[in-house]
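The following exercises introduce a protein chain to a reader who has not met it before. Please study the sequence and the model, attempt each task, and then compare the result with the worked solution.

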Amino acid sequence: MSFTDENWLTTKQNIRERIKTLFNNELLSDVLLIVRKSPESCSEDSNHGLAGAIKKGKMEIPAHKFVLAISSPVFFELFYGQIPETSKSVEFHDCEYEVLLEVLRYIYSDEANLSESNAIKVLHLAKHYKLPSLADMCIGYLRKNVTATNVIRILKEAKKYQLESVVGGRCWEVIDKYTERVLRSDEFVTVDKVVLEKLVDRNSLSVSEVALFEAVNSWANEQCQIQGFVQTGNVKRELLGDKIVRKIRYPVMRQSEFVKVVLDSNILNPKECYELIRHYSSVSPSSLEFPDKMRVGWQQESLCRFGSVVEYGWVYSPGKVDSIFLTVDKPIILHGIRLCGYQNENYSLHLRIKDTSSSSDIVSLKRHFRSQKLLYKSSHYWGFEVLFDLPVVIENGIRYSVDAYISGAFSWRGQSGVSSLQCSGVCFKFENSEQSNNGTSVKKGQFPEFLFCKR
């Protein structure tokens, strides 16, 4: 836009549009804000041809004292206080160009281009310059966009800028809900030790204890590499410290997990190993110094959806699918599903669970199984247990389609199923699926058990 045209003002319908036009614009500017360059500063601003003049490794942003002052008490004091800043330029040492530019964009237009990379930094400046509406916008963005893959980075930035009290609660909710995915993220091994101490101490994590230990061991290995240490058990124990090592709940692990994973790491000392081996051997140790209760986020329960599972033949053939719709009234973590089989038979399975609101698969796996005898209420049946690589969140109020393509011998089947069941305070609702062409329905067929924990 050319401002040599003296009638440019007549194209703007109101004062808001006129002030918005002045954002990052030399027209009527009476101060230059000087700020260090950031990686983003080399590209031009999307809305304005002038992205800031580059000068000696710094950026200059043209601004207007009056606009800044009527928006922020801090800027008001700077430009119109008892000792007003009268120079034509003001240098900012506590932020980057790209971040300050978004704060200014908000001041001039009530808009801000927030992203995962800048939201915490913009929030920090919004707090500093007393811009509560912008701070609320940043907090809302962060709460909505914290995920299992970025939560560690956001938590680290929140700690750096002393904003844990603002966004930390939401971060820990995500960690509790998607613990295993968080532990597998690339960012996890870079987490601060204080945060790791807090994490292993939480009772609400949704992860198996052996997976948590493996993640802690990976963190220790990464620290050895960063600090140039040899990855020995003693060194890793020193880096982790007792606060972390002694909060792992080894007694709830399977003995095979403890032997293959924990013992091989050499992180525990001989006395601790001796105590735990006595525990696994059902010999009461003199003093068991580790928590021995499962975390509440991992207390797996089983929903039995049939009155009984019986030995009536359920036949499989190519192109046939057993399908059912599932809805819950409270969010749960689904760890797996049990399916019917026949005594000592092999089965090939393609299992899909789809969120029908978005038509996206949340589970899609293909595996081979051999049937085993499974406990069901006060009885038994032959079947196989399908555990997911990562537990999945089943949100309340969303209908999920559970589909199983099975190849193998005829199997047992469930009967006397009902459309609604309560289990541990969660209401499970089942509906017949039009896709089910192998006979499974609410009343009979496959999917006798759903393995879950409450959120």
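Helices (H or I, at least four residues) and strands (E, at least two) are DSSP runs, numbered from the N terminus. The model examined here is predicted.

**Exercise 1. A loop residue with a positive phi**

Task: State where asparagine 266 lies and what is notable about its phi.

Solution.
Step 1. Asparagine 266 belongs to the loop that runs between helix 14 (255-265) and helix 15 (270-280).
Step 2. Most residues other than glycine have a negative phi.
Step 3. Asparagine 266 is not a glycine, yet its phi is positive, at about 60°.

**Exercise 2. A second positive phi**

Task: Determine the location of phenylalanine 447, and decide whether phenylalanine 447 is buried or exposed.

Solution.
Step 1. The loop between strand 16 (426-432) and strand 17 (449-454) contains phenylalanine 447.
Step 2. The phi of phenylalanine 447 is positive, near 65°, and the residue is other than glycine.
Step 3. Buried means under 20% relative accessible area. Phenylalanine 447 has a relative accessible area of 0%, so it is buried.

**Exercise 3. The chain as a whole**

Task: Count the helices and strands of the chain, and explain why the chain is described as more spread out than a compact globule.

Solution.
Step 1. The secondary structure comprises 15 helices and 17 strands.
Step 2. For 455 residues the globule rule gives 23 Å; the radius of gyration of the chain is 30 Å, well over that value, and the chain is therefore more spread out than a compact globule.
Step 3. Taken along the principal axes, the box filled by the C-alpha atoms is roughly 90 × 60 × 35 Å.
Step 4. Of the 455 residues in the chain, 48% are buried. The chain exposes about 22,300 Å², and 49% of this area is supplied by carbon and sulfur atoms.
Step 5. Among contacts with a separation of 6 or more, 75% join residues 24 or more positions apart.

**Exercise 4. The cavity**

Task: Give the number of cavities of 30 Å³ or more and describe the lining of the largest cavity.

Solution.
Step 1. The structure has one cavity of 30 Å³ or more. The space in the largest cavity is about 60 Å³.
Step 2. Its lining consists of Lys177, Tyr178, Thr179, Glu180, Arg181, Ser206, Ile333, Pro391 and Val393.
Step 3. Two or more of the lining residues come from each of helix 9 (179-184) and strand 12 (379-394). Helix 9 gives the most, with three residues.
Step 4. Sorted by class, the lining of the largest cavity has four nonpolar, two polar and three charged residues.

**Exercise 5. The largest pocket**

Task: Which element supplies the largest share of the lining of the largest pocket?

Solution.
Step 1. The volume of the largest pocket is about 560 Å³.
Step 2. The largest pocket has 21 lining residues; nearest its centre lie Ser208, Arg254, Glu257, Trp298 and Leu387.
Step 3. At least two lining residues are supplied by each of helix 9, helix 11 (209-227) and strand 12.
Step 4. The largest share, five residues, comes from strand 12.
Step 5. The classes in this lining are ten nonpolar, three polar and eight charged residues.

**Exercise 6. Three residues and their surroundings**

Task: For isoleucine 353, valine 200 and aspartate 292, decide whether each is buried or partly exposed, and list the contacts beyond four places in sequence.

Solution.
Step 1. Isoleucine 353 is part of strand 9 (residues 346-355). Its relative accessibility is 1%, so isoleucine 353 counts as buried. Its contacts beyond four places in sequence are Leu334, Ile337, Ser360, Asp361, Ile362, Val363, Phe388, Tyr400, Ser401 and Val402.
Step 2. Valine 200 sits in helix 10 (residues 193-200). With a relative accessible area of 1%, valine 200 is buried. Beyond four places in sequence, valine 200 touches Leu212, Val216, Lys243, Ile244, Lys247, Ile248 and Arg295.
Step 3. Aspartate 292 occurs in the loop between helix 15 and strand 5 (301-304). Its relative accessible area is 44%, so aspartate 292 is partly exposed. Leaving aside neighbours within four places in sequence, aspartate 292 is in contact with Pro251 and Val252.

How values were computed: Residues are numbered from 1 along each chain as its sequence is written. This is a predicted model: local features need pLDDT of at least 70, side-chain atom pairs count only at pLDDT 80 or more; totals for chains, interfaces and linings use all residues. Side-chain values use heavy atoms; hydrogens and water are left out. On a 1 Å grid over the protein atoms alone, a cavity is a set of points where a 1.4 Å probe fits but cannot get out, and a pocket is an open set with protein on both sides within 12 Å along at least five of seven lines; lining residues have an atom within 4 Å of a point. Grid points are joined across faces, edges and corners, and a volume is the space filled by probe spheres set on the points. Ala, Val, Leu, Ile, Met, Phe, Trp, Tyr, Cys and Pro count as nonpolar, Asp, Glu, Lys and Arg as charged, and the others, Gly among them, as polar. The radius of gyration is taken over C-alpha atoms; the globule rule is 2.2 Å times the number of residues to the power 0.38. Buried means under 20% relative accessible area, exposed over 50%, partly exposed in between (1.4 Å probe, protein chains only). Contact means heavy atoms within 4.5 Å. Accessible areas come from the Shrake-Rupley method with a 1.4 Å probe; for residues, only the protein chains shown count as cover.
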